[in-house]
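This briefing sets out selected local features of the structure shown below. The points are grouped by topic for reference at the bench.

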Amino acid sequence: MWEHDGDLAAPANAGWATETAATLAGLVRRGGRAMLNLVVPPLCASCRMPVADQSGLCARCWGDLALIERPYCERLGIPFAYDLGPGALSAEAIANPPPFDRARAVARYDRIAQRLVHALKYRDRQETAIVMGRMMARAGTDLTEAADLLVPVPLHRTRLLTRGFNQSAALAGVVSRASGVPLSYDALVRIRATRHQVGLSARERAANVRGAFRVRPEAKPEIAGRAIVLVDDVLTSGATVAAAVRALGRAGARTVDVLVFARVVGNSGEPI
């Protein structure tokens, strides 16, 4: 199922009516936001201190968020201490190439990133997906510019029923609206319920998700020959995204890139 919420182009002769409608729509949106701010005062998505916008971070949390910016490994998105030149790869990418083409993340998985991820994932603060998804769209511009389709990492139906929503799908929806890249919520499915990855070793994580994903047969035409961006919240050992990437590859995807909000770098990550 493809979804894209981009603005529809108005006919050239729409003229005054289109301009008036657009103006009225803008006033309604601004009025709605103002009313929402009166009813529910906007709070920082991380620390819950008052802020100006419903889906923003306060200056302190923004300053403490460990953003990942160039220079970084062009394959894994791991930050470098200094610039190694264009197209530089990390030793890890050279020694153990991942099944995906490129990975990008907004930030290191540190204290602030963890707060945001946990608020969305475990405390049902779905408004947090807006600020996270917008940052992901900016961090992944080089991926989305070449992409045909966004695909979120799916939850198994039992976990989806328990949690009530898929945080990766929520993030992918925001990225889709920001980037204009179509989104397929259900092309990729998780066919096997797996244990939580928390506390598992890298080897155990890989075994836990092996064979857990597949592309629905009727969705293969959406995937075959296309450049896919797989969307998730956090990249740790890479076991989950690797299993999902391989499923997309078996369905004929031309390329698969990975876009996440946060990634573990070295030993800096906390349990997810």
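R246 is partly exposed, because its relative accessibility of 46% falls between the limits of 20% for buried and 50% for exposed residues. The model discussed here is predicted. R246 is located in helix 11, which covers residues 239-250.

**Surface charge**

- R246 belongs to a positive surface patch, together with R192, R210 and R250.

**Backbone: positive phi values**

- As a general background, most residues other than glycine have a negative phi.
- R48 departs from this pattern, with a positive phi near 70° in a residue that is not glycine.
- The position of R48 is in the loop that runs between helix 1 (15-39) and helix 2.
- With a relative accessibility of 36%, R48 is classed as partly exposed.
- D124 likewise is not a glycine and has a positive phi, of about 60°.
- The loop that holds D124 lies between helix 4 (111-121) and helix 5 (128-139).
- D124 counts as partly exposed, because its relative accessibility is 46%.

**Backbone: a cis peptide bond**

- Most peptide bonds are trans.
- The bond between R70 and P71 is cis, with an omega of about 10°.
- P71 is found in the loop between helix 2 (59-64) and helix 3 (91-95).

**The loop between helix 2 and helix 3**

- F80 is also placed in the loop between helix 2 and helix 3.
- F80 counts as buried because its relative accessibility of 17% is under the 20% limit.
- F80 and S90 are ten residues apart along the chain, and their C-alpha atoms are separated by 8.1 Å.

**Helix 5**

- Helix 5 has twelve residues, and at 1.5 Å a residue its expected span is 16 Å.
- The end C-alpha atoms of helix 5 are 17 Å apart, which agrees with that expectation.
- The buried residues of helix 5 are T128, A129, V131, M132, G133, M135, M136 and A137.
- In general, an α-helix has 3.6 residues a turn, so residues three or four places apart point the same way.

Conventions
Residues are numbered from 1 along each chain as its sequence is written. This is a predicted model: local features need pLDDT of at least 70, side-chain atom pairs count only at pLDDT 80 or more; totals for chains, interfaces and linings use all residues. Side-chain values use heavy atoms; hydrogens and water are left out. Patches are made of residues with over 30% relative accessible area and no salt bridge: like charges are joined within 9 Å, nonpolar side chains (Val, Leu, Ile, Met, Phe, Trp, Tyr) within 5 Å. Accessible areas come from the Shrake-Rupley method with a 1.4 Å probe; for residues, only the protein chains shown count as cover. A salt bridge is a side-chain nitrogen of Lys or Arg within 4 Å of a carboxyl oxygen of Asp or Glu. Lys and Arg count as positive and Asp and Glu as negative; His and the chain ends are not counted. The place of a charge is taken as NZ of Lys, CZ of Arg, CG of Asp or CD of Glu. Helices (H or I, at least four residues) and strands (E, at least two) are DSSP runs, numbered from the N terminus. Buried means under 20% relative accessible area, exposed over 50%, partly exposed in between (1.4 Å probe, protein chains only). The expected span of a helix is 1.5 Å times one less than its number of residues.
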